[in-house]
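Visitor: I would like a close look at one helix of this protein and at what it packs against. Could you take me through its contacts, its two faces and its surroundings?

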Amino acid sequence: MVMPNYNILRKKIMIKFIEEKNINVFPFTALYEYMNTYKTKKGKRHKTSGVSKQQLGALLSQSPLFNKIEDGIWEYTGED
C-alpha cells in the first residue's frame with residue numbers, strides 16, 4: 001500500500017502561513033503553532049498538518065524556499 005506524502009501538504013500549509021501573515025521573516029515558534037492549530041474549511045483541526053519541532057525543522061532546512069537566519073528565525077526566499 002502506498003502511503004500519501006504528508007510533507008507535500010505540510011509545505012503548502014507553510015507557504016499559506018507566509019501568504020496569510022504577509023511576512024518573509026518569521027520565528028520558528030509562530031510557524032510551529034500555526035501548523036499544529038491549522039483548521040480545515042469546516043473548522044476542524046487538520047489531521048495530517050500537525051508536526052513535532054524536529055519534523056518542522058527538517059522540513060524547513062530541506063526546502064530550498066526557506067533559509068535559517070539565526071536560531072529560531074527563518075526567512076522565506078520565494079517560489080522555486
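Guide: Let us begin with helix α3 and its partner α1, whose axes come within 11 Å of each other and cross at roughly 80 degrees; the axes are lines fitted to C-alpha atoms, for helices over the stretch in contact, and angles run from 0 to 180 degrees between N-to-C directions. α1 and α3 are therefore roughly perpendicular to each other, a term covering angles of 65 to 115 degrees, with under 35 counting as roughly parallel, over 145 as roughly antiparallel and the rest as oblique. The α1 side of the contact consists of N7, R10, K11 and M14, and the α3 side of Q55, L56, L59 and L60, where contact means heavy atoms within 4.5 Å. By class, the residues of this α1–α3 contact are four nonpolar, two polar and two charged (Ala, Val, Leu, Ile, Met, Phe, Trp, Tyr, Cys and Pro count as nonpolar, Asp, Glu, Lys and Arg as charged, and the others, Gly among them, as polar).

A word on the basis of all this: the model is predicted, with local features requiring a pLDDT of at least 70 and side-chain atom pairs counted only at pLDDT 80 or more, while totals for chains, interfaces and linings use all residues. Residues are numbered from 1 along each chain as its sequence is written, and side-chain values use heavy atoms, with hydrogens and water left out.

Helix α3 spans residues 53–62, and its buried residues are L56, L59 and L60; buried means under 20% relative accessible area, exposed over 50% and partly exposed in between, with a 1.4 Å probe and protein chains only. Because these buried residues cover an arc of only 95 degrees around the axis, they lie on the same side of α3, the arc being that of the directions from the helix axis to the C-beta atoms. The face turned away from that buried side carries Q54, S61 and Q62, which are exposed. The buried residues of α3 pack against α1 (6–21), β1 (25–27), α2 (28–36), β2 (66–70) and β3 (73–76); helices (H or I, at least four residues) and strands (E, at least two) are DSSP runs, numbered from the N terminus.

One residue of α3 deserves a separate mention, namely Q55, which counts as partly exposed at 38% relative accessibility. Not counting residues up to four places away in sequence, Q55 touches R10 and G50. The C-alpha atom of Q55 is separated by 13 Å from that of L9, 46 residues away along the chain.

Turning to the other helical partner, the axes of α2 and α3 come within 11 Å and cross at roughly 115 degrees, and α2 and α3 are therefore roughly perpendicular to each other. Their crossing is right-handed, meaning that the near helix is turned clockwise from the far one by less than a right angle, whereas anticlockwise would make the crossing left-handed. In this contact, F28, L31, Y32 and M35 of α2 meet K53, L56, G57 and L60 of α3, and the residues divide into six nonpolar, one polar and one charged.

Seen from the side of α2, the buried residues are F28, L31, Y34, M35 and N36, and α3 is among the elements that cover them, together with α1, β1 and β3. N36, in helix α2, is in contact with R45, G50 and V51 once its neighbours within four places in sequence are set aside. N36 and V51 are 15 residues apart in sequence, yet their C-alpha atoms are 6.4 Å apart in space.

The helices α1 and α2 also meet each other, with axes that come within 10 Å and cross at roughly 120 degrees, and they are therefore oblique to each other. α1 passes α2 in a right-handed crossing, in which R10, I13, M14, K16, F17 and E20 of α1 meet A30, L31, Y34 and M35 of α2. These contact residues comprise seven nonpolar, no polar and three charged.

Finally, the loop between α3 and β2 holds P64, which is exposed, with a relative accessible area of 63%. The C-alpha atoms of P64 and A30 are separated by 20 Å, at 34 residues apart along the chain.
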